Amino acid sequence: MNEKPHEQQLAEFEARIARGEKVEPGDWMPDDYRKELIRMISQHAHSEIVGQLPEGHWIPYAPGFRRKLTLVAKVQDEAGHGQLLYTAAETLGKSREDMMEELLTGKAKYANVFNYPTPTWADVGIIGWLVDTSAVINQSMLAHSSYGPYARAMKRICYEEAFHIKQGYDSIVALAKGTPEQRAMVQEAINRWWYPTLMMSGPPTKLSEHTARSMKWKIKTKTNEQVRQEFIDLIVPQIRALGFEVPDPNCKLNEKTGHFDYTQPDWEELKRVVNGDGPCNKERLETRRKAHEEGKWVREALAVAKKKAAA
Ligand code: BYC
């Protein structure tokens with residue numbers, strides 16, 4: 001048992017963080033650090049498994065065998081990411097059952113973007129291209145997080161997500177080379193996803209409750225705005241290179257800053273959507289509840305096997 005006074009433990013913990021050391025599961029950590037990580041990692045895990053649904057919906061309708069195979073593989077990867085992240089959160093003392101309960105009862109948050117519909121095949125490509133690009137920029141930052149299991153999970157996840165971007169981009173390029181109707185379908189999907197994707201990086205610092213604390217302990221190493229700006233600076237030239245438009249008349253390269261200016265998303269919409277009132281929240285949770293119910297026999301079988309092994 002560690003008998004050191006709390007102040008000393010905290011000072012030693014913060015000195016380790018300042019030296020760039022990783023914090024590991026059995027190490028002493030402040031309660032707020034643990035809580036902050038559980039909140040963020042469990043939300044992230046939920047985002048992965050709810051994030052399977054908008055694209056998963058298109059698996060039966062994917063145009064052709066190769067596109068279907070790639071989409072199946074991508075959607076399966078997201079389940080694997082959820083698995084890694086739930087395990088990382090468990091190392092902090094939160095049970096998977098509790099996390100699942102919070103998701104299925106609507107108490108937990110997950111990424112705003114997955115509460116929007118995917119009415120056309122182009123939406124699937126746009127998720128891979130835009131949403132996954134935004135995710136990778138954020139997650140490459142989180143790969144330097146001070147908590148070892150989270151940082152290591154991010155490395156693996158970013159590797160796979162980078163491939164998902166290619167999958168999305170490739171299907172968009174195919175549509176971009178297609179008929180005027182196919183190009184119009186892409187432009188409409190860009191219009192639908194632009195602002196939700198900008199919201200994905202989180203609200204600006206003045207509205208962000210957690211950024212200051214997360215950055216102090218290097219859970220995050222960049223603000224939400226920094227991550228969003230990196231995304232915009234990378235994606236705007238790509239969108240324009242394919243001959244599509246960014247649906248924001250204020251989106252222009254600012255010669256002074258070297259970055260693109262842009263119109264802020266509607267932060268009230270983000271609040272509504274992440275608190276359960278988006279276009280697809282009910283449908284997404286319903287689908288997850290059904291999947292959870294259908295997987296009950298697997299959990300029961302595993303529990304019996306575990307009990308037998310322990311006997
Ligand atoms: N969506 O103080 P703030 C993927 C919440 S999945 C939902 O700035 P923070 C993929 C926030 O949680 C990858 N909620 O918070 C999967 C907080 O609420 P609580 C998803 C949001 O944590 C399948 C409140 O608003 N990535 O790539 O400093 C298929 C105040 O916000 C959002 C991650 O999960 C949002 N966009 O920053 C395809 C990355 N924004 O907890 C692709 C990990 C804010 O106080 N998470 N909120 O009730 C993060 O990096 C950060 O948690 C956020 C928010 C940037 C999202």
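This briefing walks through the ligand site and three helix pairs of the structure above. The model is a predicted one. The ligand has 34 residues around it, and the protein covers 92% of the 1,000 Å² of accessible area that the ligand has on its own. Several of the helices that help to surround the ligand return below, where their packing is described.

**Around the ligand**

- Among the 34 residues around the ligand, the ones that come nearest are Gln 43, Lys 109, Ser 208, His 210 and Lys 220.
- By residue type, this shell divides into 12 nonpolar, 13 polar and 9 charged residues.

**Polar contacts with the ligand**

- His 210, one of the residues that come nearest, places a polar side-chain atom 2.7 Å from an oxygen atom of the ligand.
- Glu 209 takes part through its backbone: a polar backbone atom of this residue is 2.8 Å from an oxygen atom of the ligand.
- Asn 112 also uses a polar backbone atom, which lies 2.9 Å from a nitrogen atom of the ligand.
- With these contacts in view, the cover is worth recalling: 92% of the ligand's own accessible area of 1,000 Å² is covered by the protein.

**Which helices build the shell**

- Two or more residues each come from helix 2 (31-50), helix 4 (65-90), helix 6 (121-142), helix 8 (180-200) and helix 11 (267-274).
- Helix 2 gives the most to the shell, with 6 residues.

**How helix 2 packs**

- Helix 2 packs with helix 7 (residues 148-176) at an angle of about 25°, and their axes are 13 Å apart.
- An angle under 35 degrees counts as roughly parallel, so helix 2 and helix 7 are roughly parallel to each other.
- The crossing of these two helices, helix 2 and helix 7, is left-handed.

**How helix 8 packs**

- Helix 8 has helix 10 (residues 224-241) as a packing partner, at an angle of about 160° and with the axes 11 Å apart.
- Angles over 145 degrees count as roughly antiparallel, and helix 8 and helix 10 are therefore roughly antiparallel to each other.
- Helix 8 passes helix 10 in a right-handed crossing.

**How helix 4 and helix 6 meet**

- Helix 4 and helix 6 both give residues to the ligand shell, and their axes come within 13 Å and cross at roughly 45°.
- That angle makes helix 4 oblique to helix 6.
- The crossing in which helix 4 passes helix 6 is left-handed.

Conventions:
Residues are numbered from 1 along each chain as its sequence is written. This is a predicted model: local features need pLDDT of at least 70, side-chain atom pairs count only at pLDDT 80 or more; totals for chains, interfaces and linings use all residues. Side-chain values use heavy atoms; hydrogens and water are left out. A residue is near a molecule or strand if one of its heavy atoms lies within 4 Å of it. A polar contact is a pair of N or O atoms within 3.5 Å; within protein, one must be able to donate a hydrogen and the other to accept it, and residues adjacent in sequence count only if both atoms are side-chain atoms. Accessible areas come from the Shrake-Rupley method with a 1.4 Å probe; for residues, only the protein chains shown count as cover. Helices (H or I, at least four residues) and strands (E, at least two) are DSSP runs, numbered from the N terminus. Ala, Val, Leu, Ile, Met, Phe, Trp, Tyr, Cys and Pro count as nonpolar, Asp, Glu, Lys and Arg as charged, and the others, Gly among them, as polar. Axes are lines fitted to C-alpha atoms, for helices over the stretch in contact, and angles run from 0 to 180 degrees between N-to-C directions. Angles under 35 degrees count as roughly parallel, over 145 as roughly antiparallel, 65 to 115 as roughly perpendicular and the rest as oblique. A crossing is left-handed if the near helix is turned anticlockwise from the far one by less than a right angle, and right-handed if clockwise.
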